[in-house]
Amino acid sequence: MRLLTQLNPRTRKQHNRDGATAMETAVVLPVFFLLLFAFIEFGHVFMTIHTLNSAARRAARLGVSETATTASVTALANQITSSAIPGSSATILVKNGGVFDTTGVNASTVNYSALPNIELATAERRQLFIVRVSVSYSDVAILGPKWLSGLTVYGQSVMRKE
């Protein structure tokens with residue numbers, strides 16, 4: 001029997017590769033699953049950002065009307081985010097956007113939470129205002145990686161009062 005194994009090269013090759021498939025699978029599968037879960041997580045985060053942008057835009061469109069109040073804009077944005085992203089607590093800011101009426105303002109350097117609040121019921125016509133809806137990443141994460149726990153995702157809309 002031993003002589004047959006030595007004479008048949010095909011049998012000898014299969015005998016030498018017994019553990020190769022298991023080893024290749026052990027190396028490739030963790031990398032594959034890491035990439036798969038990363039795609040799922042990033043897709044979910046981008047969907048959340050899109051939802052927050054949509055909530056801010058719809059709330060800002062309500063705020064454009066003459067009879068709108070800041071409370072009604074905040075309530076609409078809160079209603080949209082709580083139904084679209086259950087279990088999350090969104091922070092909704094309605095701020096005076098007059099800082100953007102001057103030219104040369106770099107939007108990335110503006111501290112949006114430090115901008116003055118605005119009451120839309122008494123706002124002047126053509127007054128620029130910002131609706132910003134933000135939520136903590138840890139509230140919306142599927143897998144919840146610890147190294148992204150301090151991240152905040154947001155959506156915002158800028159419009160003028162009519």
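Six residues' worth of names opens the picture of helix α4: Thr-70, Val-73, Leu-76, Ala-77, Ile-80 and Thr-81 are buried there. Viewed down the axis of α4, these buried residues stay within an arc of 135°, so they line one face of the helix. Please keep in mind that this is a predicted model.

**Helix α4 and its surroundings**
- The other side of α4 carries exposed residues, namely Ala-71, Gln-79 and Ser-83.
- The buried residues of α4 pack against α3 (20–64), β1 and β2 (128–136).
- With 15 residues at 1.5 Å each, α4 should span 21 Å, and this agrees with its end C-alpha atoms, which are 21 Å apart.

**The sheet**
- An open sheet is built from 3 strands in the order β1-β2-β3, with antiparallel pairing.
- β1 and β3 (152–160) stand at the edges with a single partner strand each, so one side of each has no neighbour in the sheet.
- From one strand to the next, the twist averages 15°.
- The antiparallel pairing of β1 with β2 runs over 6 bridges, and Phe-129 in β2 is the bridge partner of Asn-96.

**Helices on the sheet**
- α4 packs on the sheet, where it touches β1 and β2, and its direction makes about 145° with that of β1.
- α3 lies across β2 and β3 and runs at about 25° to β3.

**The loop after α4**
- Pro-86 sits in the loop between α4 (70–84) and β1 (91–96).
- Pro-86 counts as exposed because its relative accessibility is 64%, with exposed meaning over 50%.
- Pro-86 and Asp-139 are 53 residues apart along the chain, and their C-alpha atoms are separated by 9.4 Å.

Key:
Residues numbered from 1 in each chain as written. Predicted model: local features only at pLDDT ≥ 70, side-chain atom pairs only at ≥ 80, totals over all residues. Heavy atoms only, no water. Helix = DSSP H or I, 4+ residues; strand = E, 2+ residues; numbered from the N terminus. Buried < 20%, exposed > 50% of the residue type's maximum accessible area, 1.4 Å probe, protein only. Expected span 1.5 Å × (residues − 1). Arc of directions from axis to C-beta. Contact = heavy atoms within 4.5 Å. Pairing = 2+ DSSP bridges. Axes fitted to C-alpha atoms, helices over the stretch in contact; angles between N-to-C directions.
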